[in-house]
Amino acid sequence: MAIQVTRTYVATIRNQQQVQSGLDSLGFAASKLWNIARWTCDRIWSETGTIPEDGPLKAYLKNHERYADLNSQSSQRVIEELAEAFHGWYAKRRNGDDRANPPKYRKSGDDHPRSTVTFKEDGFKHDPKNNRIRLSKGRNLKEHWSDFILCEIETRPDVTIGNVRQVKAVWNGDEWELHIVCKHEIEAESPGDETAGIDLGISNFAAVSYSTSDHELYPGNALKTDERYFAKEIAKCNSSRSNKALKLRQKRSERRSHYLHAVAKHIVTECVERGVGTIAVGNLEGIREDDETGEPRNWGDRGNEGLHGWALDRFTNLLTYKAKTEGIAVVVVSERDTSKTCSCCGQKRDANRVERGLYVCRNCGTVMNADSNGAENIRCRLDQAEKVTLNPRSSGDRSSGRVARPVVNLFRRGEHDPSCGQGTFAEQASSCKS
Ligand SMILES: [Zn+2]
């Protein structure tokens with residue numbers, strides 16, 4: 001499987017002296033444009049009560065005199081960055097950080113800082129033979145039609161610059177450097193033809209069923225313990241705006257993120273070991289709806305209602321990315337009825353799921369962990385979703401009365417203090433109910 005990866009390389013500019021004033025004028029121009037756009041946002045904001053998105057803002061400022069100081073794609077990028085900065089601010093406010101400020105003006109007294117200038121396809125030319133990159137100026141700053149900034153670049157000796165998609169001129173405090181974004185195609189060989197299905201949920205954050213006839217569970221305790229701990233600690237703070245509360249929220253977000261990375265990485269490693277080439281993940285839409293499983297739809301602690309959907313979306317993205325670099329495809333399939341259907345005989349009956357956490361089929365007598373059953377059904381949807389040759393389970397395994405015992409991967413952090421320590425997974429012997 002050929003996959004595309006993007007890499008950014010930092011290059012120093014060998015002819016710094018020659019190009020510095022040219023780059024300075026672009027960097028200052030970017031700051032000025034930022035300020036004009038920022039001021040325009042303020043004005044529209046006070047008149048209409050909303051902050052414009054980058055589309056209308058670009059259309060509005062396109063004819064502004066300062067817009068033509070930079071190549072038009074570079075000007076567009078400045079406005080997009082401002083819109084992104086506003087979105088970052090909205091997100092912080094949504095997460096309860098009411099100390100967050102909207103994006104600032106780029107000014108210190110009468111001086112402008114040197115802003116980063118981005119050059120897209122129209123704005124640069126790479127000359128690999130001579131190790132040069134030519135950067136465009138805007139109409140206003142050109143002295144004649146062929147007035148460009150020609151940078152002689154130097155990168156680490158083991159780096160080959162090629163297939164350049166974007167160049168950023170960045171002032172590092174001492175001098176200008178170029179951040180060069182290259183697109184590479186690499187071959188990642190699929191580990192094999194086996195398949196896996198993943199059921200994402202609450203009591204088990206993930207249940208995995210492999211075509212090699214084994215199951216794994218990733219209980220969500222570590223995440224739940226964290227949520228409770230941080231909710232309690234934040235509630236103890238004198239003010240939700242205090243530094244302590246802010247630090248706690250940051251810590252919580254780091255730990256959520258660490259947990260999701262750890263689960264995704266562990267699953268991908270397990271897939272590689274088993275020769276899995278395709279992973280099916282349930283379509284997350286269904287999870288947020290109520291269904292008949294009797295599971296709570298969120299973790300119920302005040303303040304993290306949105307966490308569950310958020311965590312699952314983010315997890316799927318992480319998993320897809322990590323899997324891709326190992327040559328494993330991730331396919332999203334419908335999870336409709338996957339909790340009600342028997343993965344052994346295919347019979348669908350509401351009454352089949354008799355006990356919380358345990359799936360019992362009245363038809364064939366299968367007893368298995370309910371999440372493992374869901375994961376196996378999700379895995380079996382692969383043949384509907386894409387032309388994947390499914391490796392069916394060995395037939396002996398389909399016999400009635402099977403009791404599947406999944407491996408449980410418990411996430412353990414350093415001792416009982418949720419405020420510190422990174423975690424690892426430890427296998428635990430399980431009953432079929434766990
Ligand atoms: Zn059955």
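This is a short tour of the structure you have open, one selection at a time.

**Stop 1: the whole chain**

Keep in mind that you are looking at a predicted model. Show the cartoon for the full chain: its 434 residues include 9 helices and 17 strands. Buried residues make up 47% of the chain. Now switch on the surface. About 22200 Å² is exposed, and carbon and sulfur atoms supply 45% of that. The fold also brings distant stretches of sequence together: among contacts between residues at least 6 apart in sequence, 68% join residues at least 24 apart.

**Stop 2: the largest nonpolar core**

Select Leu 135, Leu 178 and Ile 180. Within the largest nonpolar core, which has 41 residues, these three touch the most other members. Next, colour helix 1, residues 16-48; with 10 residues, this helix gives the most to the core. Why would such side chains gather like this? In soluble globular proteins, nonpolar side chains tend to be buried together.

Zoom in on Leu 178. Leaving out residues up to four places away in sequence, its contacts include Tyr 9, Ile 13, Leu 135, Cys 151 and Ile 153. Lys 168 is also one of the residues Leu 178 touches.

Apart from this core lies another one, with 31 residues. To find it, select Ala 196, Ile 198, Ile 279 and Phe 315, which are among its members.

**Stop 3: strand 5**

Select residues 148-154 and show the side chains. Which ones are buried, and which are not? Ile 149, Cys 151 and Ile 153 point to one face and are buried. Phe 148, Leu 150, Glu 152 and Glu 154 point to the other face and are not buried.

Now add the neighbours. Strand 4 (residues 132-136) runs antiparallel to strand 5, joined by 5 bridges; here Leu 135 has Ile 149 as its bridge partner. Strand 1 (residues 2-13) is also antiparallel to strand 5, with 2 bridges, and Ile 13 partners Ile 153.

**Stop 4: the zinc ion**

Select the zinc ion along with Cys 342, Cys 345, Cys 361 and Cys 364. Their SG atoms are its protein donors, lying 2.3 Å from the ion. The site is tetrahedral, with angles of 106 to 116° among the 4 donor atoms. Along the chain, the donors follow the spacing C-x2-C-x15-C-x2-C. Cys 342 lies in the loop between strands 12 and 13 and Cys 361 in the loop between strands 13 and 14, so this pair ties together parts 19 residues apart in sequence.

Are these two buried or exposed? Buried means under 20% relative accessible area. Cys 342 has 2% relative accessibility, so it counts as buried, and Cys 361, at 3%, counts as buried too.

Key: Residues are numbered from 1 along each chain as its sequence is written. This is a predicted model: local features need pLDDT of at least 70, side-chain atom pairs count only at pLDDT 80 or more; totals for chains, interfaces and linings use all residues. Side-chain values use heavy atoms; hydrogens and water are left out. A nonpolar core is a set of buried Ala, Val, Leu, Ile, Met, Phe, Trp, Tyr and Cys residues joined through side-chain atoms within 4.5 Å. Buried means under 20% relative accessible area, exposed over 50%, partly exposed in between (1.4 Å probe, protein chains only). Helices (H or I, at least four residues) and strands (E, at least two) are DSSP runs, numbered from the N terminus. Contact means heavy atoms within 4.5 Å. Donors are N, O and S atoms within 2.8 Å of the metal (3.2 Å for Na, K and Ca); water is not among the atoms, so sites may look incomplete. Four donors count as tetrahedral if all angles lie between 85 and 135 degrees; four count as square planar and six as octahedral if opposite donors are over 155 degrees apart and all others between 65 and 115; anything else is irregular. Two strands pair if DSSP finds at least two bridges between them. Accessible areas come from the Shrake-Rupley method with a 1.4 Å probe; for residues, only the protein chains shown count as cover.
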